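Trainee: I would like a close look at one part of this protein, taken slowly and residue by residue. Could you take me through the strand pairing, and then through the contacts that lead on from there?

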Amino acid sequence: MSVHMRIKLSKKLSLLVIALGFSCATMAQEPQFSQYMFNRMSFNPGYAGSSGSICATLMYRNQWMGLKLDNPTNGSDAGSTPTDILFSFDMPVKFLHGGLGFTFVKDEIGYHDNIYVNLDYAFRMFWGDGNLSAGAELGLLNSSFDPSALHGNDANDPAIPTTAASEMLIDASVGLYYQVPGKYYVGLAAKNLLGAHSEALAYRNVRTIYAMGGYEYTPAGAPSVRIKPSALLRTAAFSYFQADLSCLIDYRNAFWGGLGYRVTDAIYLLAGVHWKKLRIGASYDITTSSLGTFKPGRSFGSAELYLKYCFKVVIPQKAPTSYGNSIYLL
């Protein structure tokens, strides 16, 4: 490849990743995860407390590893690829007839740093063979932009702000979630209903609809194996569509593995173990878009780690008390 062609390619990648960074700011939405089936509350507040246990989840994702803008002037990585950290906690609350949940997400892409804090409540009732819940979510988003991280030609681009900016936004979401434990689940949620926007950063939370579903079944003659297909569909303002399709094979609720496909983006592998009350999982995305063509400076994939710890608090019932007095026999 000629030097001129290399410069053109580098410039296209630079513009593409900068555009991705600003599209996330202009139309902000929560980051994606390949192990979405273990992270349903971040897409649907109706999930809160549905497992019947107190659960804490930690996830880390490094997306499009190896993708570079160009050769930075100071010799360091331009730091353009997205990295995400998620922590969530949810539990059933009997006297509230449902569950409560909390989610914290730190999302970095390019020169943007977004922090999401979501508080969830789900009201749950028995319906048919399972239970139906309606959830509401209060969402806080702090978004900031740091132009000091820009390198080379990007630092002189007149379209990019030259001063640091940060702002806090408040939004709301709702969701419906139905499950028959051990058989299937379906959910529908509308996120960012208020469409909160920032004039300082010139962006708006995009209203996003999520639809999810999953099914479990045991093949005849293999009682130790459970096959678990699932799907997550989303549309942002009905102008952007994305679909994740996956299937896991679980052996004795101790090991699992499977495949997934994100339309026009990646094929991914999933695996994990269940040890006592702890679940440990990992996934690796093989980028199928033009960002990952196995060439220098392109993405060689995305990696994701997952930890989940669940436990139940059982309050023993008091033994019935009796009171004996001969006067009551009269």
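Mentor: What follows goes from one strand and its partners to an arginine, a cavity, an aromatic group and finally a disulfide.

Please keep in mind throughout that this is a predicted model. Let us begin with strand S8, which covers residues 184-191 and whose side chains alternate along its length. On one face are Tyr-185, Gly-187, Ala-189 and Lys-191, which are buried, whereas Tyr-184, Val-186, Leu-188 and Ala-190 point to the other face and are not buried.

Strand S8 has a pairing with strand S7, residues 165-180, which runs in the antiparallel sense and comprises seven bridges. Within that pairing Gly-175 has Ala-189 of S8 as its bridge partner, and Ala-189 belongs to the buried face just described. The two strands S7 and S8 make a hairpin with three residues between them, and in the turn Gly-182 has a positive phi of about 80°. Strand S8 also pairs with strand S11, residues 208-215, again in the antiparallel sense, this time over eight bridges. Here Tyr-184 finds its bridge partner in Tyr-215 of S11, and Tyr-184 is on the face of S8 whose side chains are not buried.

From the buried face of S8 we can follow Tyr-185 outward to a contact with a charged residue. Arg-40 lies over the face of the Tyr-185 ring, 3.7 Å from the ring centre. Arg-40 is also one of the residues that line the second largest cavity, together with Phe-38, Asn-39, Met-41, Tyr-47, Thr-57, Ser-88, Asp-90 and Lys-308. That cavity has a volume of about 60 Å³, and the count of cavities of 30 Å³ or more comes to five.

Phe-38, another residue of that lining, takes us to the aromatic contacts, of which the structure holds nine pairs. The ring centres of Phe-38 and Trp-256 are 5.4 Å apart and their planes meet at 55°, so this pair is tilted. Phe-38 sits in the loop between strand S1 (27-28) and S2, while Trp-256 sits in strand S14 (residues 255-262), so that the pair links distant parts of the chain, 218 residues apart. Both Phe-38 and Trp-256 are buried, and with Tyr-306 they form one aromatic cluster. A further pair is that of Tyr-309 and Phe-311, whose ring centres lie 5.9 Å apart with planes at 45°, so this one is tilted as well. Tyr-309 is partly exposed, at 40% relative accessible area, and Phe-311 is likewise partly exposed, at 29%.

The last contact is the disulfide, and the count for the model is one. Cys-55 is joined to Cys-310 with an S to S distance of 2.1 Å, and the angle of 115° about the S-S bond makes the link right-handed. This pair, too, links distant parts of the chain, since Cys-55 is in strand S2 (residues 54-62) and Cys-310 in strand S17 (residues 302-311), 255 residues apart. The two cysteines do not share one exposure class: Cys-55 has a relative accessible area of 2% and is therefore buried, whereas Cys-310, at 24%, counts as partly exposed. Cys-247, with a relative accessible area of 31%, is partly exposed.

Key
Residues numbered from 1 in each chain as written. Predicted model: local features only at pLDDT ≥ 70, side-chain atom pairs only at ≥ 80, totals over all residues. Heavy atoms only, no water. Disulfide = S-S within 2.5 Å. Helix = DSSP H or I, 4+ residues; strand = E, 2+ residues; numbered from the N terminus. Buried < 20%, exposed > 50% of the residue type's maximum accessible area, 1.4 Å probe, protein only. Pairing = 2+ DSSP bridges. Phe/Tyr/Trp six-rings, centres within 6.5 Å; stacked < 30°, edge-to-face > 60°. Lys NZ or Arg CZ within 6 Å of the ring centre and 35° of its normal. 1 Å grid on protein atoms, 1.4 Å probe; cavity = no way out; pocket = protein on both sides within 12 Å on 5 of 7 lines; lining within 4 Å. Points joined across faces, edges and corners; volume = space filled by probe spheres on them.
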